[in-house]
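Reader: I am new to this structure and should be grateful for a close look at a single part of it. Please begin from the charged side chains and proceed from there.

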Amino acid sequence: MRLNLSTPSNVTWKRSLSGFTKWYQILWRNKPIEPTPPYSHICQIGDPILRRKADRVLPDDIKTQEIKQVILSMKKVLKRYNATGLTAPHVGVPFQIMLIEFSKENIEKFSEEIRRIREMETCPVSS
């Protein structure tokens with residue numbers, strides 16, 4: 001028995017097989033999408049951004065949407081990791097921006113005597 005490969009059902013099958021083959025190749029060829037700065041995580045030791053000299057942010061630039069977005073992202077990371085301080089390079093942005101928050105929960109980790117000697121007080125992150 002000889003198969004007729006030109007019948008409509010066989011042509012459809014070949015088309016769907018070639019589509020699947022292309023999809024499968026793309027699936028394995030493409031790399032996963034890398035996150036872009038500002039990150040939602042803290043950069044680790046060895047990251048090139050931490051070795052680069054950070055750029056100064058002028059007072060007029062602080063009100064720009066780009067800087068506001070960086071600061072908002074930094075606040076989220078600061079809260080997520082319950083950190084005391086964070087700089088913009090820690091979230092992948094080479095700017096001289098620093099956030100500090102010393103919350104009530106953090107200050108309670110120290111004894112009353114150490115708080116008095118070091119003159120510790122809470123320092124909220126302001127918007």
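Is E112 buried or exposed?

Author: In this predicted model, E112 is exposed, since its relative accessible area is 55% and the class begins over 50%. The side chain of E112 takes part in a salt bridge with R115, and the closest N and O atoms of the two are 3.7 Å apart. Both residues belong to helix α4; because they are three residues apart there, about one helical turn separates them. The partner, R115, has a relative accessibility of 22% and therefore counts as partly exposed, as the limit for a buried residue is under 20%.

Helix α4 spans residues 112-117, and E119 is found in the segment after it. The backbone at E119 deserves attention: phi is near 55°, a positive value in a residue that is not glycine. Most residues other than glycine have a negative phi. With a relative accessibility of 65%, E119 is classed as exposed.

The pair in α4 belongs to a total of three salt bridges. Another joins E101 to K79, where the closest N and O atoms lie 2.7 Å apart. Here E101 sits in the loop between β2 (98-100) and α3 (104-107), while K79 is in helix α2, so this contact ties together parts that are 22 residues apart in sequence. The two partners fall into opposite classes: E101 is buried at 12% relative accessibility, whereas K79 is exposed at 55%. The remaining salt bridge links R52 and D55, with 3.7 Å between the closest N and O atoms. R52 has a relative accessible area of 45% and is partly exposed; D55, at 36%, is partly exposed as well.

Two further backbone features concern the loops. N82, in the loop between α2 and β1 (85-87), has a positive phi near 50° although it is not a glycine. N82 counts as partly exposed, its relative accessibility being 47%. In the loop between α1 (8-29) and α2 (65-80) lies P38, which is joined to P37 by a cis peptide bond with omega of about -5°. Most peptide bonds are trans.

Nonpolar side chains also appear at the surface. L17, F20, W23, Y24, L27 and W28 form a nonpolar patch with about 700 Å² of accessible area together. One of these residues, L27, lies in helix α1 and is partly exposed, with a relative accessible area of 43%.

Methods:
Residues are numbered from 1 along each chain as its sequence is written. This is a predicted model: local features need pLDDT of at least 70, side-chain atom pairs count only at pLDDT 80 or more; totals for chains, interfaces and linings use all residues. Side-chain values use heavy atoms; hydrogens and water are left out. Helices (H or I, at least four residues) and strands (E, at least two) are DSSP runs, numbered from the N terminus. Buried means under 20% relative accessible area, exposed over 50%, partly exposed in between (1.4 Å probe, protein chains only). Patches are made of residues with over 30% relative accessible area and no salt bridge: like charges are joined within 9 Å, nonpolar side chains (Val, Leu, Ile, Met, Phe, Trp, Tyr) within 5 Å. Accessible areas come from the Shrake-Rupley method with a 1.4 Å probe; for residues, only the protein chains shown count as cover. A salt bridge is a side-chain nitrogen of Lys or Arg within 4 Å of a carboxyl oxygen of Asp or Glu.
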